Amino acid sequence: MTTPSAAPPSTAATPAPGSAPHRRGALGPVGLVLAGGVSVQFGGALAVTLMPRAGALGVVTLRLLVSAIVLLLVCRPRLRGHSRTDWGTVVVFGLAMGAMNGLFYQAVARIPLGPAVTLEVLGPLALSVLASRRLINVVWAGLALAGVFLLGGGGFGGLDPAGVAFALGAGAMWAAYIVFSARTGRRFPQADGLALAMAVAAVLFLPLGIAESGARLVDPVTIALGAAVAILSSVLPYTLELLALRRLPASTFAVLMSLEPALAATAGFLVLDQALATTEALAIALVIAASMGAVRTQTGRGGAKEPRKG
């Protein structure tokens with residue numbers, strides 16, 4: 001499927017096995033993807049620190065607005081020549097994107113970043129499991145459920161219930177984002193559909209951000225921090241992944257994306273001082289293992305990778 005960062009793998013001749021240049025070059029795209037993942041999660045951690053100043057909805061509004069402006073300037077999407085179905089698809093894509101971001105930021109305002117991303121990734125994981133009818137996916141689903149059970153301490157007594165609900169809702173919207181990212185990619189060239197969907201999400205979210213944050217959204221420091229969140233969480237990762245996917249197989253990319261809960265937990269610890277208990281770390285490891293297994297099963301059948309959320 002076409003995604004914000006999708007690009008066809010390079011068809012250049014492959015150096016002979018064992019050559020030093022090939023081994024060094026192979027580290028490049030993987031490093032770019034990991035750098036993009038680190039950027040996303042540290043952008044999320046920065047967003048948490050901005051919430052007392054602008055509110056969760058205000059932070060989402062700033063992120064979407066800045067990301068939309070940058071993508072529209074870079075992509076310069078063509079507005080004419082699209083059917084009503086094309087526009088309907090991109091509008092629904094924008095709605096899913098806005099809802100995904102809004103719900104996730106409401107979650108991280110209430111629960112630590114690592115558990116929030118772990119719960120959110122269950123959406124794409126469920127989609128991957130349901131898309132494949134192989135029996136092995138029962139194992140991956142079981143691992144994920146075990147991880148969720150551990151994360152909740154047997155009943156989510158240690159996590160804010162509203163935060164858990166928001167994170168699961170964000171996961172559902174991430175699954176919808178994947179579906180409509182694919183449909184949008186088939187109807188719009190390159191990243192044009194993403195730029196238009198981001199603009200739709202920004203426009204639809206603006207009233208919510210104004211209602212919650214009001215004049216705080218035009219504070220220069222808030223705008224600067226919000227722009228930093230947008231660059232770290234959207235613009236920079238898309239650019240790095242675009243470069244990486246020219247040389248990196250989609251299956252490898254998808255497995256690397258499965259590491260996001262671990263990256264989120266690291267960012268939460270370093271930036272927000274959110275330490276994990278042993279059971280929480282084990283829970284995150286189980287969900288990562290389930291996600292990796294489901295991705296490998298799906299891509300082994302020719303399935304596409306999961307796109308980066310917007």
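**Entry 1: R76**

I began with R76, which is placed in the loop between α2 (56-75) and α3 (84-108). The model I am reading is a predicted one. I looked up the backbone of R76 and found a phi near 45°, a positive value in a residue other than glycine. Is R76 buried or exposed? I noted a relative accessibility of 70% for R76; exposed means over 50%, so R76 counts as exposed.

**Entry 2: The chain as a whole**

I then turned to the overall make-up. The secondary structure of the protein chain comes to twelve helices and zero strands. Reading from the N terminus, I recorded the order of elements as α-α-α-α-α-α-α-α-α-α-α-α.

The protein chain has 310 residues, and 50% of them count as buried. I looked up the exposed surface as well: the protein chain exposes about 13600 Å², and carbon and sulfur atoms supply 68% of that area. For contacts between residues at least 6 apart in sequence, I noted that 90% join residues at least 24 apart.

**Entry 3: The nonpolar core and Y105**

I asked which residues have the most contacts inside the largest nonpolar core. They are M97, F104, Y105, L113, Y177, L194 and M198, in a core of 55 residues.

I followed Y105 further. Its relative accessible area is 2%, under the 20% limit, and therefore Y105 is buried. Leaving aside residues up to four places away in sequence, Y105 touches A47, M51, A56, V59, V60, R63, V229 and S233.

**Entry 4: Helix α4**

L113, listed above for the core, led me to helix α4, which covers residues 113-120. How many residues of helix α4 are buried? I found that eight of the eight are buried, so helix α4 is largely enclosed by the rest of the structure. By name, the buried residues in α4 are L113, G114, P115, A116, V117, T118, L119 and E120.

**Entry 5: Aromatic pairs**

I next searched for aromatic pairs, and the count comes to three. One of them is formed by W87 and F188: I recorded 6.3 Å centre to centre and 70° between the planes, an edge-to-face arrangement. This pair links distant parts of the chain, with W87 in helix α3 and F188 in the loop between α7 (161-187) and α8 (192-213). The two residues are 101 residues apart.

I compared the cover of the two partners. W87 has a relative accessible area of 29%, which lies between the limits of 20% and 50%, so W87 is partly exposed. F188 has a relative accessibility of 3% and therefore counts as buried.

F104 and Y105 form a further aromatic pair, also edge-to-face, with 6.0 Å centre to centre and 70° between the planes. F104 counts as buried because its relative accessibility is 6%. Y105, as noted in Entry 3, is buried.

**Entry 6: D86**

I looked up D86, which lies in helix α3. What does the side chain of D86 reach? I found that it reaches the backbone nitrogen of S83 at 3.0 Å. With residues up to four places away in sequence not counted, D86 touches R187 and F188. F188 is thus a contact of D86 and a partner in the aromatic pair with W87. The relative accessible area of D86 is 10%, so this residue is buried.

**Entry 7: Helix α7, S181 and R183**

In helix α7 I looked up S181. S181 is buried, because its relative accessible area is 3%. I noted that S181 and T89 are 92 residues apart in sequence and 9.0 Å apart in space, taken C-alpha to C-alpha.

I also looked up R183. The charged end of R183 sits over the ring of F180, at 4.9 Å from the ring centre.

**Entry 8: A290**

My last entry concerns A290, which is placed in helix α12 (residues 278-300). Its relative accessibility is 0%, and therefore A290 counts as buried. Which residues does A290 touch, not counting residues up to four places away in sequence? I listed L125, W140, L143 and A144. I also recorded G142: A290 and G142 are 148 residues apart in sequence, and their C-alpha atoms are 8.1 Å apart in space.

Note on methods:
Residues numbered from 1 in each chain as written. Predicted model: local features only at pLDDT ≥ 70, side-chain atom pairs only at ≥ 80, totals over all residues. Heavy atoms only, no water. Core = buried A, V, L, I, M, F, W, Y, C linked by side-chain atoms within 4.5 Å. Buried < 20%, exposed > 50% of the residue type's maximum accessible area, 1.4 Å probe, protein only. Contact = heavy atoms within 4.5 Å. Helix = DSSP H or I, 4+ residues; strand = E, 2+ residues; numbered from the N terminus. Areas by Shrake-Rupley, 256 points an atom, 1.4 Å probe, with all protein chains shown as cover. Phe/Tyr/Trp six-rings, centres within 6.5 Å; stacked < 30°, edge-to-face > 60°. Lys NZ or Arg CZ within 6 Å of the ring centre and 35° of its normal. Polar contact = N/O pair within 3.5 Å; in protein donor to acceptor, adjacent residues only side chain to side chain.
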